Amino acid sequence: VWHALSTRLATFAEGDGLARRFRRDVNVFGAARDDEVASLEALAALVPAEGPLVLIQAGESPLPPGTVATMQTEGVQMVAESIVPLEVGGRIVELTAADAPQMLALATLTQPGPFLPRTHELGGFFGVKEQGRLVAMAGERMKLPGFTEVSGVCTHPDARGNGFAGDLSRVVATRISARGETPFLHAFATNIPAIRLYEALGFRLRRGMQVTMLTRV
């Protein structure tokens with residue numbers, strides 16, 4: 001998160017040289033530059049009074065002063081080794097700003113991860129529509145030099161079992177690879193079906209990650 005907000009996604013960041021977070025209508029992730037006291041204090045100042053700030057990083061993170069971890073769980077980070085390319089066409093369409101309300105509604109229903117009103121601005125999103133209704137989507141989130149994350153993968157309960165998640169993930173990964181970047185993604189370690197799907201698409205496990213949700217004391 002720190003490297004994304006310090007480089008390619010700096011325009012979506014708030015904070016300073018010690019700690020940064022996504023703007024509050026974009027995403028809930030934040031990070032400190034390091035584990036020094038000054039950096040943790042700066043991170044604590046970015047935790048909103050009305051909601052959480054989420055950390056996702058390798059290894060355990062010291063708690064910033066004045067905060068409490070309301071959730072700590074294990075995640076995994078996966079990196080694409082080989083993706084069978086799939087381009088937009090047929091049932092898959094590129095989504096636009098006009099689709100943002102439907103994107104937010106689908107993510108709110110299915111909970112693929114944090115998704116806020118401007119999350120779709122982080123990168124290209126693609127979806128499947130049935131009679132004008134968005135029933136599946138996937139897009140991009142974290143971006144740092146040479147890497148872009150596949151994220152927001154979700155399918156409406158009424159449309160599951162059609163292979164939408166796999167096809168949309170392949171389309172997004174294909175676009176990332178075409179730019180000369182490496183696709184990667186995150187999943188909760190307990191989400192075995194998703195991990196198996198991503199393995200079948202050509203992603204490999206890179207390492208475990210810790211996900212921590214912070215709120216103010």
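**Aromatic pairs, helix 3 and two pockets in a predicted model**

With a relative accessibility of 35%, F147 counts as partly exposed, a value that, like the others reported here, was computed from a predicted model. The ring of F147 is paired with that of F184 in an edge-to-face arrangement, in which the centres are 6.4 Å apart and the planes meet at 80°. Because F147 belongs to strand 9 and F184 to strand 10, this pair ties together parts of the chain that are 37 residues apart in sequence. Unlike F147, which is partly exposed, F184 has a relative accessibility of 6% and therefore counts as buried, the cut-off being under 20%.

The count of aromatic pairs in the model comes to 3. Another of them is formed by F115 and F125, whose rings are also arranged edge-to-face, with 5.8 Å from centre to centre and 90° between the planes. Both residues lie in the loop between helix 3 and strand 7 (126-130), so that the pair ties together parts that are 10 residues apart in sequence. F115 counts as buried, at 10% relative accessibility, and F125 likewise counts as buried, at 4%.

Helix 3, which spans residues 100-110, contains the buried residues A100, M103, L106, A107 and T110. These residues lie on the same side of helix 3, because the arc that they cover around the axis is only 125°. Their packing partners are strand 8 (133-144) and strand 9 (147-155), the latter being the strand in which F147 is found. Immediately after helix 3 comes Q111, a residue with a positive phi, near 55°.

Q111 is also one of the residues closest to the centre of the largest pocket, together with P112, G113, F188 and N191, out of 37 residues that line this pocket. The space within the largest pocket amounts to about 990 Å³. At least two lining residues are supplied by each of several elements, namely strand 4 (53-57), helix 3, strand 9, helix 4 (164-178), strand 10 (182-188), helix 5 (192-201) and strand 11 (203-216). Strand 9 makes the greatest contribution to this lining, with 7 residues. When the lining of the largest pocket is sorted by class, 23 residues are nonpolar, 11 are polar and 3 are charged.

The second largest pocket has a volume of about 570 Å³, and its lining consists of 25 residues, of which V1, H3, I56, Q77 and M209 are the closest to its centre. Two or more lining residues come from each of helix 1 (2-6), strand 3 (30-32), helix 2 (37-44), strand 4, strand 5 (67-80), strand 8, strand 10 and strand 11. By class, this lining comprises 16 nonpolar, 5 polar and 4 charged residues. Strand 4, strand 10 and strand 11 are thus among the elements that supply residues to the largest pocket and also among those that supply residues to the second largest pocket.

Strand 4 also contains Q57, which counts as partly exposed at a relative accessibility of 23%. When residues up to four places away in sequence are left aside, Q57 touches M209 and Q210, and M209 is one of the residues closest to the centre of the second largest pocket. The C-alpha atom of Q57 is separated by 8.7 Å from that of T212, although these two residues are 155 residues apart along the chain.

How values were computed
Residues are numbered from 1 along each chain as its sequence is written. This is a predicted model: local features need pLDDT of at least 70, side-chain atom pairs count only at pLDDT 80 or more; totals for chains, interfaces and linings use all residues. Side-chain values use heavy atoms; hydrogens and water are left out. Buried means under 20% relative accessible area, exposed over 50%, partly exposed in between (1.4 Å probe, protein chains only). Helices (H or I, at least four residues) and strands (E, at least two) are DSSP runs, numbered from the N terminus. The arc is that of the directions from the helix axis to the C-beta atoms. Contact means heavy atoms within 4.5 Å. On a 1 Å grid over the protein atoms alone, a cavity is a set of points where a 1.4 Å probe fits but cannot get out, and a pocket is an open set with protein on both sides within 12 Å along at least five of seven lines; lining residues have an atom within 4 Å of a point. Grid points are joined across faces, edges and corners, and a volume is the space filled by probe spheres set on the points. Ala, Val, Leu, Ile, Met, Phe, Trp, Tyr, Cys and Pro count as nonpolar, Asp, Glu, Lys and Arg as charged, and the others, Gly among them, as polar. Rings of Phe, Tyr and Trp (its six-membered ring) pair if their centres lie within 6.5 Å; planes under 30 degrees apart count as stacked, over 60 as edge-to-face and the rest as tilted.
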